[in-house]
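Let's take a friendly walk through a protein model, from an open space to the packed interior and on to some single residues. Keep the 3D view open as you read.

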Amino acid sequence: MRIVVLTIFPELVAALWSHGMVRRAVEQRAVSAEAVNIRDFAPDRHHVTDDRPYGGGCGMVMKPEPLAAALRHARDTAPGARAILMSPQGRRFDQAIARELSELPGLILVCGRYEGVDDRLVGGLIDEELSIGDYVLTGGELAAMAVADAVTRLIPGVLGGEESAERDSFSDGRLEHGHYTRPPVFEGEAVPEVLLSGHHARIERWRLESSLMRTFVNRPDLFEGRPVAPAERDIFEAWRARLQGLLGDEATPAAGTRKRRRERG
Ligand code: 4FV
């Protein structure tokens, strides 16, 4: 895959592919990555890339000409790439979109600055907008780096044997289970016994239960509209039985009504 990032701060973005897994992906040629300076496409002596907004108001807007020239240059070096503007107006980026983008031949990630870019580029040379969250950044670089990072690790061969995207959070619509490493006891807190047991079936069940519990507590929204897998149903049924034990027969709504009727006589 080829990833081209259009920015007025190329050194900021280039930090991504000079460290860790993304650096290894570039060295393995699983990814070819380039940060292109939009200023290099501003013909004037001062390489101006912004101007005052039509209609007045505060802040500046990125000029269309330098960005259009930079986009055409990037398209020449990344045939078939999707050009994406990082902006709060975009669809919300998530693991499913990361997987979708990881199957493309290339990405051109456009980093806005100031109030944003001239809107005539969106829908023209820019295919779509993506947002990493409902907050406003000073520039699109951090968003572009987040997308480039999440996509790169999904490219086949980038994650080494020890890591696997299959076990990722969200890859099965759940949060990941808890992770532990040595020492077996840290500041008086022990690692869950089952993880030291070597009993793979019990360890798998513990991890599934940990993942379900963390999702149930932290992100119950992830369960909405999501089918419950048989192994998950077993665990939910076990929870329901335990809850029923705690609540006695009031656990079922019908039983509860019966009890209240009895109390009202
Ligand atoms: C952003 C986001 C974001 C808006 C104006 C850059 C800034 C400035 N990008 N997800 N949230 N962009 O805040 O992607 O030009």
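How much space lies in the largest pocket? In this predicted model, the answer is about 440 Å³.

**The pocket**

The lining of the largest pocket is made of 25 residues, and Met-86, Ser-87, Pro-88, Gln-89 and Gly-116 are the ones nearest its centre. Two elements, β5 and β7 (128–131), give two or more residues to this lining. The largest share comes from β5, with five residues. Sorted by character, the lining residues are 12 nonpolar, nine polar and four charged.

**The cores**

Now turn to the nonpolar side chains. In soluble globular proteins, nonpolar side chains tend to be buried together. In this model, the largest nonpolar core has 31 residues, and Val-5, Phe-93, Leu-101, Leu-107 and Leu-109 have the most contacts inside it. At least two residues of this core come from each of β1 (2–7), α2 (20–27), β5 (82–92), α4 (95–101), β6 (106–111) and α5 (141–152). The largest share, seven residues, is supplied by α5.

Which residues does Leu-101 touch, not counting those up to four places away in sequence? They are Met-1, Arg-82, Ile-84, Phe-93, Leu-107, Leu-130, Val-147 and Val-151. Another core, of 21 residues, lies apart from the largest one, and its members include Ala-74, Leu-85, Val-110 and Ile-126.

**Two helices**

Here are α5 and α6, each with its reach from first C-alpha to last.

| Helix | Number of residues | Reach | Expected at 1.5 Å a residue |
|---|---|---|---|
| α5 | 12 residues | 16 Å | 16 Å |
| α6 (200–218) | 19 residues | 26 Å | 27 Å |

For α5, the reach is close to the expected value, and for α6 the reach is close to the expected value too.

Why is α5 described as largely enclosed by the rest of the structure? The reason is that nine of its 12 residues are buried. Those buried residues of α5 are Glu-141, Ala-143, Ala-144, Met-145, Val-147, Ala-148, Ala-150, Val-151 and Thr-152. They pack against β1, α1 (10–14), α2, β5, α4 and β6. Two of the names may look familiar: Val-147 and Val-151 are among the residues that Leu-101 touches.

In α6, the buried residues are Ile-203, Leu-208, Ser-210, Ser-211, Leu-212 and Thr-215. The cover over the buried residues of α6 includes α7 (230–247). When you look at such lists, it helps to remember that an α-helix has 3.6 residues a turn, so residues three or four places apart point the same way.

**Two residues in loops**

Find Tyr-180 in the loop between α5 and β8 (185–186). Is Tyr-180 buried, partly exposed or exposed? Tyr-180 counts as partly exposed because its relative accessibility is 44%, and partly exposed covers values between 20% and 50%. Leaving aside neighbours within four places in sequence, Tyr-180 is in contact with Val-191, Pro-192, Leu-195 and Trp-206. One of these partners, Leu-195, is 15 residues from Tyr-180 along the chain, and their C-alpha atoms are separated by 8.5 Å.

Gly-188 sits in the loop between β8 and β9 (189–190). With a relative accessible area of 70%, Gly-188 is exposed. How far apart in space are Gly-188 and Ala-30? From C-alpha to C-alpha they are 44 Å apart, and in sequence they are 158 residues apart.

Definitions and conventions:
Residues are numbered from 1 along each chain as its sequence is written. This is a predicted model: local features need pLDDT of at least 70, side-chain atom pairs count only at pLDDT 80 or more; totals for chains, interfaces and linings use all residues. Side-chain values use heavy atoms; hydrogens and water are left out. A nonpolar core is a set of buried Ala, Val, Leu, Ile, Met, Phe, Trp, Tyr and Cys residues joined through side-chain atoms within 4.5 Å. Buried means under 20% relative accessible area, exposed over 50%, partly exposed in between (1.4 Å probe, protein chains only). Helices (H or I, at least four residues) and strands (E, at least two) are DSSP runs, numbered from the N terminus. Contact means heavy atoms within 4.5 Å. On a 1 Å grid over the protein atoms alone, a cavity is a set of points where a 1.4 Å probe fits but cannot get out, and a pocket is an open set with protein on both sides within 12 Å along at least five of seven lines; lining residues have an atom within 4 Å of a point. Grid points are joined across faces, edges and corners, and a volume is the space filled by probe spheres set on the points. Ala, Val, Leu, Ile, Met, Phe, Trp, Tyr, Cys and Pro count as nonpolar, Asp, Glu, Lys and Arg as charged, and the others, Gly among them, as polar. The expected span of a helix is 1.5 Å times one less than its number of residues.
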